[in-house]
Amino acid sequence: MSSRSSSVVRSVLPPAFFGVAFVAVWELVVKGFNLKPYFLAPPSKIWQKFTENFDLVWGAAKVSGANALIGLLLGAIFGMAMSFVLSRFKFLNNLITPLAIALNAIPIFVLVAVLNNMFAITSEVPRRVMVTLVVYFIVLVNVAKGLTQVSPTHVELMKSYAASDTEILRKVRIPNAVPYLFTALKISAPASVITAFVSEYFGGSQNGLGSRITSNIANSKNAVAWAYVLGACLLGLTFYVISSLLEGVATPGGRAKRTREGR
Amino acid sequence: MSAVEITNISKAFNLGSSNQVDALTDINLSIASGEFVSLIGPSGCGKSTLLRLIANLIEPTSGNLVVNGKSAKQARLDQDYGMAFQQSGLFEWRTVAKNIELPLELKGWDKAKRQERALEMLELVKLSDFANHYPWQLSGGMQQRVAIARALAVHPSLLLMDEPFGALDEMTREHMQSELLSICRASGTTVVFVTHSIPEAVYLSNRVVVMSPRPGRVTEIVDVSIEGERNDATRDNAAFFKGITAVREALRGVEMSDHVRGIEDR
């Protein structure tokens with residue numbers, strides 16, 4: 001295990017050092033050039049505001065986080081369900097894929113404005129629907145690929161074992177799609193948080209991290225806005241780390257497999 | 001009883017369309033039980049197609065095919081044969097033991113019986129220590145041994161192999177050939193073996209079926225008569241070289257325009 005812990009140190013230490021150095025330079029630049037607080041707040045000030053307003057940041061993070069999480073789960077479920085349908089019925093694939101691409105080409109956030117009109121002004125539903133849509137496409141495309149792009153040798157082998165289509169689905173296609181699902185979730189997790197924030201810019205309740213950032217900037221409370229940005233970063237990171245950990249648990253052989261797959 | 005009986009088999013792909021390919025025409029071949037038969041020939045001669053027909057992975061256009069005294073389809077449904085490919089085709093999300101258990105799972109064996117058989121097969125290919133490893137943790141030669149163990153897991157009377165050692169280096173390859181022979185000797189398994197390599201075909205086989213392309217057909221069947229048990233010393237045997245010469249001559253007769261393309265003459 002010592003070699004493993006040393007490799008953790010090697011992979012964690014450089015970015016950690018870089019991060020600390022970056023914050024230090026930021027602080028020094030702001031102090032050294034005497035930058036005005038409305039231009040750029042120093043990290044020390046941001047941290048102070050973050051701790052002072054922690055309860056508010058936490059409350060806002062819970063609202064945005066809940067929207068992101070609900071959208072993420074719904075999007076993943078719908079995406080997976082649809083990918084099964086598409087991989088089963090090839091003709092539907094030809095029918096739906098162009099439609100999906102076309103829908104994806106719409107600057108997707110304009111949909112929030114449309115959705116806001118459909119629901120009550122204080123409703124969180126439009127934001128959740130927005131996140132669901134974004135995640136849905138990511139999961140659909142990736143999982144469908146995992147279900148269909150199986151090794152021809154595997155399929156021939158299964159046929160030689162007199163396996164039925166259902167058995168091929170269970171023992172080849174689904175296990176083959178698992179890494180694709182987690183790749184999709186790792187992309188979706190931060191995307192869902194970002195979508196939840198940005199959705200808040202289009203009106204509705206002023207209760208999430210996104211709307212707090214805009215309202216504090218509007219009030220020239222730059223350092224406080226930055227404190228919310230820090231909260232947003234941490235929320236996105238949390239989502240990513242959790243999806244990453246889930247991947248390690250769910251795929252035997254985990255990460256090493258992917259790097260050795262070439263052989 | 002013959003293990004495989006092929007009568008007037010033809011196979012055309014894209015039948016009736018402008019790009020129809022006659023992969024095989026009028027193949028007749030009888031493979032006796034316990035025999036080791038190699039199919040050799042240049043690319044496009046239909047040797048892999050013939051193997052897939054025996055395996056019932058594809059259907060012939062015309063002709064009759066009997067495997068183990070029944071139709072090829074019934075033989076497949078009964079899992080009468082085991083199959084191995086050039087790519088080991090191991091499932092990377094399954095451990096080595098679980099890979100070997102897969103055909104048994106599909107046969108509906110219970111867990112204890114499956115595990116027992118998997119261990120037995122691992123012993124046979126000398127990989128007992130690797131039961132719980134994942135395929136990517138093994139070398140190419142070891143992966144191929146697992147694939148062979150998996151093909152033999154149901155104790156099939158017939159083994160169909162499509163260039164199983166094609167991707168291995170020469171040393172591993174020769175070693176694997178000897179191991180395969182001793183496994184088949186012990187179990188009395190009939191083998192149909194597709195290869196590109198003349199020495200490999202001669203070393204392993206009782207008979208080498210030489211095929212030619214466009215349309216795929218059998219041009220000659222070379223009997224290899226090497227006295228006694230085959231082992232590494234066989235490779236220096238005069239009879240071995242005689243066999244190699246005979247197969248090479250037969251292949252020379254195969255369409256000089258693109259003769260022996262795809263044949264490794266080593």
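Helix axes are lines fitted to C-alpha atoms over the stretch in contact, and angles between N-to-C directions run from 0 to 180 degrees. In this predicted model, local features need pLDDT of at least 70 and side-chain atom pairs count only at pLDDT 80 or more, while totals for chains, interfaces and linings use all residues. Residues are numbered from 1 along each chain as its sequence is written, and chains are lettered from A, with ligands numbered from 1, in the order in which they are written.

**A helix pair in chain A**

Helices (H or I, at least four residues) and strands (E, at least two) are DSSP runs, numbered from the N terminus. The axes of helix α2 (residues 43-52) of chain A and helix α10 (residues 222-250) of chain A come within 8 Å and cross at roughly 75°. The two helices α2(A) and α10(A) are therefore roughly perpendicular to each other, a class that covers 65 to 115 degrees; angles under 35 count as roughly parallel, over 145 as roughly antiparallel and the rest as oblique. From α2(A), the contact uses K45(A), I46(A), K49(A) and F50(A), and from α10(A) it uses A223(A), V224(A), W226(A), A227(A) and L230(A). Contact here requires C-beta atoms, placed from the backbone, within 7 Å. By class, this contact has seven nonpolar, no polar and two charged residues. Ala, Val, Leu, Ile, Met, Phe, Trp, Tyr, Cys and Pro count as nonpolar, Asp, Glu, Lys and Arg as charged, and the others, Gly among them, as polar.

**Domains and chain contact of chain B**

Chain B is divided into domain 1 (2-80 + 158-258) and domain 2 (90-155), with bounds from an automatic or database domain assignment. Their C-alpha centres lie 25 Å apart. Each domain of chain B gives ten residues to the contact. On the side of domain 1 of chain B, helix α6 (residues 170-187) of chain B gives the most, with four residues. That side divides into eight nonpolar, two polar and no charged residues.

Towards the other chain, 16 residues of chain B are in contact with 17 residues of chain A. The elements of chain B that give two or more residues to this side are α2 (72-77) and α3.

**Helix α3 and the sheet of chain B**

Helix α3 of chain B spans residues 96-107, and its buried residues include V96(B), I100(B), L102(B) and L104(B). A residue is buried if 20 or more other C-beta atoms lie within 10 Å of its own, exposed if 12 or fewer, and partly exposed in between. The buried residues of α3(B) pack against α4 (111-124) and α5 (140-152) of chain B.

Four strands of chain B form an open antiparallel sheet in the order β2-β1-β4-β5. Strands β2 (21-32) and β5 (70-71) of chain B stand at the edges with a single partner strand each, so one side of each has no neighbour in the sheet. Pairing requires at least two DSSP bridges. Two bridges join β4 (residues 62-67) of chain B to β5(B), and V67(B) stands opposite K70(B).

**Backbone details in chain B**

Three residues of chain B with a positive phi are listed below.

| Residue | Phi | Place |
|---|---|---|
| Q79(B) | near 50° | loop between α2 and β6 (81-84) of chain B |
| E163(B) | about 45° | loop between β7 (158-162) and α6 of chain B |
| G108(B) | about 85° | just after α3(B) |

Q79(B) is partly exposed, with 18 C-beta neighbours inside 10 Å, and E163(B) is partly exposed with 19. A cis peptide bond joins R214(B) and P215(B), with omega about -10°. P215(B) is found in the loop between β9 (207-212) and β10 (217-223) of chain B.

Definitions and conventions
Two residues are in contact if their C-beta atoms, placed from the backbone, lie within 7 Å.
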